Amino acid sequence: MLYSPDEFEPLTDEPWDEERVRAGIRAIVADAGAAFDPDGLWPANEWDAWGSSVPVKDLYCGAGGVIWALDTLRRRGHAETAIDLAAALDRTLELWREEPDLSAAEIELPPERESSLLGGEAGLLLVAWRLDPRPEPAELLLQRVRENRDNAFEELMWGSPGTMLAAHAMHEWTGEERWADAWRESAEALMARRDEDGLWTQQLYGKPGRHLGPVHGLVGNVHALLQIESEWSDSLQRETARILEREAITENGLTTWPGSAGGPLAPASGIRLQWCHGAPGMVGTAARYLDEELLLAGAELTWRAGAHGAEKGAGLCHGTAGNGYALLKTFERTGDERWLERARKFAVHALAQAKGAPGRYSLFTGGVGVALFAAGCLEADPRFPVLDWL
């Protein structure tokens with residue numbers, strides 16, 4: 001079995017209705033506005049707050065990610081917010097500097113933890129500059145990017161691939177060559193640390209491993225390395241596609257991937273079929289170079305599994321919306337309208353899940369991530385939040 005059916009639920013029979021979807025997006029934004037406190041930001045879900053003081057601040061599951069999502073939805077014309085987002089981000093940075101997220105967590109974090117895109121200050125500085133382009137956050141962000149060049153975590157959440165995305169975004173927004181230079185410095189160092197077989201060895205939370213997924217492994221690293229055309233772009237795609245073909249687990253024409261190269265599909269933590277581990281994230285992140293037969297087999301498994309159940313819910317990282325992005329990416333690759341229709345079915349279900357479980361204010365695990373996915377389905381836009389939108 002390629003997934004655990006008891007963790008999923010059948011998709012809703014409710015049809016796709018553009019106006020109802022737009023109303024659902026506006027409702028999520030309105031709920032975030034109603035819950036916001038200028039001093040205390042947003043209340044934290046228990047899972048999101050693990051190991052952190054509240055409010056949670058980071059881009060992954062804290063205020064920084066909510067602010068980024070609200071700004072993105074506003075820029076795309078889906079919903080306005082009355083929150084002063086620039087002031088909210090300044091308050092977020094202030095609180096993060098008083099006590100960074102995960103300060104009480106019993107896990108080993110990298111020495112460069114401040115430079116993390118998703119868990120540290122770098123992501124917050126990037127959003128701060130986007131909201132109010134000033135020299136101070138840009139200068140400090142450039143410092144964080146360069147500090148993170150040799151981060152041994154070798155993955156996107158904490159390591160240099162994440163800050164490479166930030167450097168690329170700043171180069172796109174400003175046109176300043178110093179950002180392209182900083183990206184190139186990290187890219188060359190990351191390529192130099194690549195194992196002979198094309199993987200990287202992560203020293204993640206004190207445990208070495210060779211992970212495959214977008215957050216902590218291979219396809220996230222490759223995604224960052226492909227942001228700017230370089231001498232290794234073509235060979236990197238071919239070699240990574242071969243690794244993914246070798247690591248794929250296929251049954252009855254359906255495909256997924258284990259969390260780690262050569263590892264079991266069902267470790268002690270169970271089979272994961274979600275964006276951060278398993279077919280949805282592999283299809284969604286490697287769609288541009290993944291063998292098409294594997295792409296379709298992974299997308300089909302994602303579709304047949306249906307929506308995540310209440311335990312994992314609607315969100316991006318390990319919920320229904322994140323899985324739905326694999327279907328949007330498959331539509332982009334193939335042009336087959338069936339995949340867009342299927343993605344929209346996931347969006348309708350995810351919006352209903354978010355409505356039924358309000359109060360989770362987080363980009364990767366909460367309602368605003370669902371709103372971004374629904375917006376992507378309205379526009380037939382497969383760009384995944386942060387990874388593709390910076």
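**Group meeting talk: a walk through a predicted model**

Hi everyone. Let's start with a pair of helices: helix H10 (residues 279-286) packs against helix H12 (residues 320-334) at an angle of about 35 degrees, and their axes are 8 Å apart. The crossing of H10 past H12 is left-handed. On the H10 side, the contact is made by Pro 280, Val 283 and Gly 284, and on the H12 side by Asn 323, Ala 326, Lys 329 and Thr 330. Before I go on, please keep in mind that this is a predicted model.

Let's stay with H10. How many of the residues of H10 are buried? The count is 8 of the 8, so this helix is largely enclosed by the rest of the structure. If you want to find them on the screen, they are Ala 279, Pro 280, Gly 281, Met 282, Val 283, Gly 284, Thr 285 and Ala 286. What covers these buried residues includes H8, helix H9 (233-247), strand S5 (254-256), helix H11 (292-305) and H12.

Now, helix H6 (residues 160-174). Here is a little check that you can follow by hand. At 1.5 Å a residue, the 15 residues of H6 should span 21 Å, and the end C-alpha atoms are indeed 21 Å apart, which agrees. In this helix, 12 of the 15 residues are buried, so H6 is also largely enclosed by the rest of the structure. The buried residues include Met 164, Leu 165, His 168 and His 171. Which helices do the buried residues of H6 pack against? They pack against H4, helix H5 (135-147), helix H7 (177-192) and helix H8 (218-225). Right after H6 comes Gly 175, with a positive phi near 75 degrees.

That brings us to backbone angles. Most residues other than glycine have a negative phi, and most peptide bonds are trans. With that in mind, here are some exceptions. Glu 154 is not a glycine, yet its phi is positive, near 55 degrees. Glu 154 sits in the loop between H5 and H6, and it counts as buried because its relative accessibility is 5%, under the 20% cut-off. Ala 380 also has a positive phi, near 55 degrees. Ala 380 is in the segment after H14. Is Ala 380 buried or partly exposed? At 29% relative accessibility, Ala 380 counts as partly exposed.

The peptide bond to look at joins Val 54 and Pro 55: it is cis, with omega about 5 degrees. You'll find Pro 55 in the loop between helix H1 (18-35) and helix H2 (63-75).

Pro 55 leads us to Asp 101. Leaving aside neighbours within four places in sequence, Asp 101 is in contact with Ser 52, Ser 53, Pro 55, Val 56, Lys 57, Asp 58, Trp 96 and Arg 113. Asp 101 itself belongs to the loop between helix H3 (85-98) and helix H4 (121-131). With a relative accessibility of 1%, Asp 101 counts as buried. A polar atom of the Asp 101 side chain lies 2.8 Å from the backbone nitrogen of Lys 57.

Pro 55 also touches Trp 42, whose other contacts include Phe 36, Ile 67, Leu 70 and Tyr 361. Why pick out Trp 42? In soluble globular proteins, nonpolar side chains tend to be buried together. Here the largest nonpolar core has 137 residues, and Trp 42 and Phe 364 touch the most other members. Helix H14 (residues 367-379) gives the largest share of this core, 9 residues.

Next to Phe 364 in the numbering is Thr 365, in the loop between helix H13 (337-356) and H14. Thr 365 counts as buried, at 7% relative accessibility. Which side chains make polar contacts with the side chain of Thr 365? One is the side chain of Asp 48, at 2.9 Å, and another is that of Arg 360, at 3.3 Å. Beyond four places in sequence, the residues that Thr 365 touches include Trp 47, Tyr 60, Cys 61, Gly 315 and His 318.

One last stop: Glu 247, in helix H9. Glu 247 is buried, with a relative accessible area of 11%. Among the residues Glu 247 touches are Leu 212, Trp 257 and Pro 258. To connect this with Lys 57, the C-alpha atoms of Glu 247 and Lys 57 are separated by 36 Å, and the two residues are 190 residues apart along the chain.

Thanks for listening!

Technical notes. Residues numbered from 1 in each chain as written. Predicted model: local features only at pLDDT ≥ 70, side-chain atom pairs only at ≥ 80, totals over all residues. Heavy atoms only, no water. Helix = DSSP H or I, 4+ residues; strand = E, 2+ residues; numbered from the N terminus. Buried < 20%, exposed > 50% of the residue type's maximum accessible area, 1.4 Å probe, protein only. Polar contact = N/O pair within 3.5 Å; in protein donor to acceptor, adjacent residues only side chain to side chain. Contact = heavy atoms within 4.5 Å. Core = buried A, V, L, I, M, F, W, Y, C linked by side-chain atoms within 4.5 Å. Expected span 1.5 Å × (residues − 1). Axes fitted to C-alpha atoms, helices over the stretch in contact; angles between N-to-C directions. Left-handed = near helix turned anticlockwise from the far one by under 90°.
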